[in-house]
Amino acid sequence: MIRAPLFISTRGKWILLFLKFSIVLLIVAALCDPKIDYKLPSSTSKVIFLLDNSPSIDLDIKKKVLLNIAGEITRLKGKVDCGIMIFDQAGYILDAKQLSDVEKINSLEEAANFLSHFSGKSSTNLVNSLETARLIFRPSDRGRMVIFSDGVDTSSKACDYFMNGNLSDIPIDTVCLKGISLEKFSGIQRFILPEESFSGESVKAVVQFHSLGSEKINLAINGTDETTLKREFIAEPGWNSWETSFKPLKSGGHVYSVELSSQNGKVIGKEHSLMQIQSLPQILLFEENKEQGEFFRELLQVSKIDFISVNNASRPASLIDLIGEHPAIVLNNLPKSFFSPSELVKIRDSVKEGTGLLMIGGPKSFGQGEYTDTPVEEAMPVKMPKRTVSEGLAIVLLLDSSGSMNGIPYWYLIQAAKEIAQLAKGNYLGIIVFSNFPQWLFPLQKLDNPEVVSDLLDNSFIGGGTIFSLPLAEAFAALKNHPADKKNIIMMSDGDPADFFAVMNFLNVFSEHGISISTIGAGQSVNPQVLETIARRTGGQFYQSPDFSELPGLFKKEFKRISGPPVVEEEFTPVFGSTLDLLSGIQPGTVPSLSGFVVTLLKNRAENALCSTRGEPIIARWRFGLGKAIAFTPDLLPYWTKSWAKWDGLGIIFRNIIKDISQGNKNEVFVSISQAGTELEISVAPSVGSFQLSKLTLHSGKDKSLAEFDLKSTEDGHYQAILNNLLPGIYKMEIFTVDGKMVWNGSIPVNESTEFKYRPDGENFLRQLSAKSGGKFYNGLPVKLDSSFQEKDFRGYISLWSYLLFPALILYLIDIYLRKSGFFSVESLQEKASKEDQSSELYIQLAKKFRNLAEEASMKGDETEAKKLYLRAKAFFIKARSEGEARLAWEKYKRLGGGSE
C-alpha cells in the first residue's frame, strides 16, 4: 500500500480506510481458494485385465488365464468396454486387433501361440503397471481393473504402495496365481559391497539371505583379485544378515562372489558384486629440508602412502614438469620463496585441472609463509591473512551508546576503549559512538597521546536507539582509501539493530577494500546472529559475553589478534565441522587437544572438517575447478600437534585426506553397473575432457570375444551401454576410446534376475490391494465378473480465487490514484473553498518565530523548552498548510527525544 498524505480530510480518511479493508478482505478470501462444486454422472463402463507375464508364473497357468480372459470379454461384450495389459518389467496395452485375436482364443494351444509373441522379461514392475492401466480411465468412467498375478514386484515399490496412499478410485479385483515353487529360488537376497575402495583398506561386506529353517550354512567369498574368505555358521529361520570384512589384494575393477551352501555341498544361492579397487597415488611432497619434514614422512610411510620428496637439497632446476605429473601435491611448512612465480601459477592451474593440493601449517606456511594474494591462495579453501607487528594499523572503534547501555555497561565499554587507546599508540585510531545517529568522538588519525582519547571518552553521553548502517558507513568512508596495510573495525553492541537488512546489503564492500569488522556482543538482549554474520561476511572475529565486565578483556584479545602474527597458541580440543567424510573412522570425543594453529579465514563454499571452538579452520576443504584443495592449519613438526603424534587417528585422517584430494586424477575411469531383471546397465565416467569412448567388449571364460557393444554418451558426460539376457556369471570387460586405445580392463558381474530370488508370498499383497481399493479377491481360476457396475458421481469444481483477485487489483489501483492525486488532501479542499485566504502568511510568520525560539533554547541546552516550541511551530505550519516545514519541525522535535523512535 502507498502511504496516505499526512493531512487529509475526515471524509477522505474514511473512504481510503474502506478501500484498504476491501482489498485485504478480497486477498484473504482469494488465499482461502473458495470453490463451487458441480457433479457429472458416470458414463462409460470399462474393465481392464492385467496379466502378469513374468517367468515366476508357469506358462501353463498363464495360458489358462488368457483363456479365462477371452471368455469374460466375449460374455461382457456389448455391456462394457474391455482392455488387456500384459506386463512384466513394463506394461504393454493390446491394440484393437490384438483384442480381437484374444476374443477368438478357444484352446490352450491358441493361448500359448498368442503369448509366444511376448518375451516375458525376468523382472516385474507390478505397481507401475497398475498406474499405467489407471490412466485408461477418465475421471467420470466407472468399472474396475482385474489383475492376474502371483503378487511379486521385483521393483521393490509394492511395500510402499499402501503407505503412500497411491490407490486409485477404481476398484481392483485381484486373482492370486500360483508361482513357481520356492525350491527354484535362490536364498540370497542382497550382497552389499561399496562401489569403490582403496588397496590395503578393509571393506565391509553384507550378505542378506532367507533360510527355510535352522541349519548350518557354509559361506564363501571369492574375488577376481584372488581374495578368498570362508565362514561357517548357524542360520536362523527367516531373514538373516551376515557381515564380514576383508582387504582387497589388487587394484582395478574386480568382481566378488558370495556363495551359500549346505553341509552336503548343495549350493543354496550365489550372488556377484563389482567393486573398483584404487591404489593410492604417489604424491609430490615439498618441504624445506629433511629434518623438519621427518615426522610427516614417517607418517606417510606408516599409512602406506607413496611419495616423492623435494626439498632445497634435492630440488631440480625446474619444477614445472614435475608438478604436472602427480595427482596430489603437499606443501609442508614451506614458504612462498621456495617457488618461482611461474611455479606458483602452475600449482594453481594444476589444481584447476584435477590435481589435489594439501597445505600443512607451521611458522612458514599460509600467511606467515607470504602466500597472501598469490595463485596458491586462490586455489586454497582459506584466505591467508598476513599479520606482522611492523605493518601499519588503522582501527575504528564503533561503541554502542544507546539508552540500554546506561550505567555500568557503558562504564565498562569506556574502560575497554581506553585499553585499546593505550595499545594502539603510534597507530591510527578513530572512535565513533552511535545510537540513532553516529558521532565521531575521535576522528581517525595517528594516535600519539592516549590521554586525549580518555578525556573524550569520559565526557561522552548516551541515549537513543540502535542503528548499525550509519556508523558502519562513516567508518568505511574513513578507512577505504587509508594508506594503512591493515584496516579493521571493532564494533560493540548490546542490542538488536533496527536496520539489519540494510547492513547486509553493503557488507561485501568492506571485504573488497580489505576492511574486516570484528563484533563484540554483551548483555542478555544482544542478537548474536546479527553480529556473527557481520564478522563472518567481512573476515572479522565474533565474541560474545553476558557479562559487561569482560568487555576490556575481549577488546584486548581482539586487538592482539589483529595486530600480531596470524597464530593462535592455546590449548583446545577441535570440534567436528560439516565435512565428516574426511573424519571417517574417527569417533567424536576421541580427538586429542591441540596447542596452536595458523589463523586463516574460511572462504565462501568451503567447508570445515575440524575447527577451533571459535570456528576457525583446522581442516578445511573445497573444490577448485576439477581438483580439491585442503588446508591443515596446525603443524606436523610436531610442535602444536605433540598430543596428535601418539594418536592412531592422525594416520587415518591423512589417509582420508590423500584419498580425497587424489580423486581428481585426470586419468581416472570409473565403471558402475545396475541390473533390473535381465537388463544390465553399464555406466562409464571418464575424467572430463580427457578422451572420448567408443565401445566395450565382453569375454567369458576362454572365449576371445563374446560380444561387442557401442557406448553412447549421455547428457552428464558419461557413457552408457544396456545389455539384455546375459547368462548369470562373471565377464571380462574392456573399454576402448574412439582411436582404439584400451582405457579400462576388469571384470563385471551378471546376477540371476531378482525374479528368481526368494521372495515373500504375494497373496497377502493382493488381498490388501483388493480390500483397500474396494475390489474382490479370487484365489485362483476361473474368474467370473459381475457385469453390473455401481454408478458413481464425478465431482468437479470451479475455483474462484482469480475472480476475487481481479477486483482487489482494481481497488488497489484506485487507492493509488486517490493518494497520488491528493484528491482528499486538506490543501486541495481549502484552495477550492477560498483562494484568497490571507491567514496563511500570518501562520507562517508565527511558526518561524517559534522555530527560531526553539533553536535558541536547544543551543542553550534547555531541551524541554525547545521541544515545546518545536511542537508549536509545527502546529502553525500545519495551519499554514506548509506540510514540508511541519515535517522538519517534527523531525527536530524527535531528535531531542520526543515522539517514538
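**A guided tour of the predicted model**

Begin with the whole protein, where buried residues (under 20% relative accessible area with a 1.4 Å probe, protein chains only) make up 50% of the 901 residues. This is a predicted model, in which local features need pLDDT of at least 70, side-chain atom pairs count only at pLDDT 80 or more, and totals for chains, interfaces and linings use all residues. Residues are numbered from 1 along each chain as its sequence is written, and side-chain values use heavy atoms, with hydrogens and water left out.

Switch next to a cartoon view: the protein has 25 helices and 42 strands. These are DSSP runs numbered from the N terminus, helices being H or I with at least four residues and strands E with at least two.

Now select helix H11 (residues 408-423) and helix H17 (residues 551-563), which pack at an angle of about 30 degrees with their axes 8 Å apart. Axes are lines fitted to C-alpha atoms, for helices over the stretch in contact, and angles run from 0 to 180 degrees between N-to-C directions. H11 and H17 are therefore roughly parallel, a term for angles under 35 degrees.

Show the side chains where the two helices are in contact (heavy atoms within 4.5 Å). Among the residues there are Tyr412 and Leu413 of H11, and Phe555 and Phe559 of H17.

Finally, select proline 807 in helix H21 (residues 801-821). At 30% relative accessibility, proline 807 counts as partly exposed, that is, between the buried limit of 20% and the exposed limit of 50%. Add isoleucine 27: its C-alpha atom is separated by 9.6 Å from that of proline 807, although the two are 780 residues apart along the chain.

Definitions and conventions:
Angles under 35 degrees count as roughly parallel, over 145 as roughly antiparallel, 65 to 115 as roughly perpendicular and the rest as oblique.
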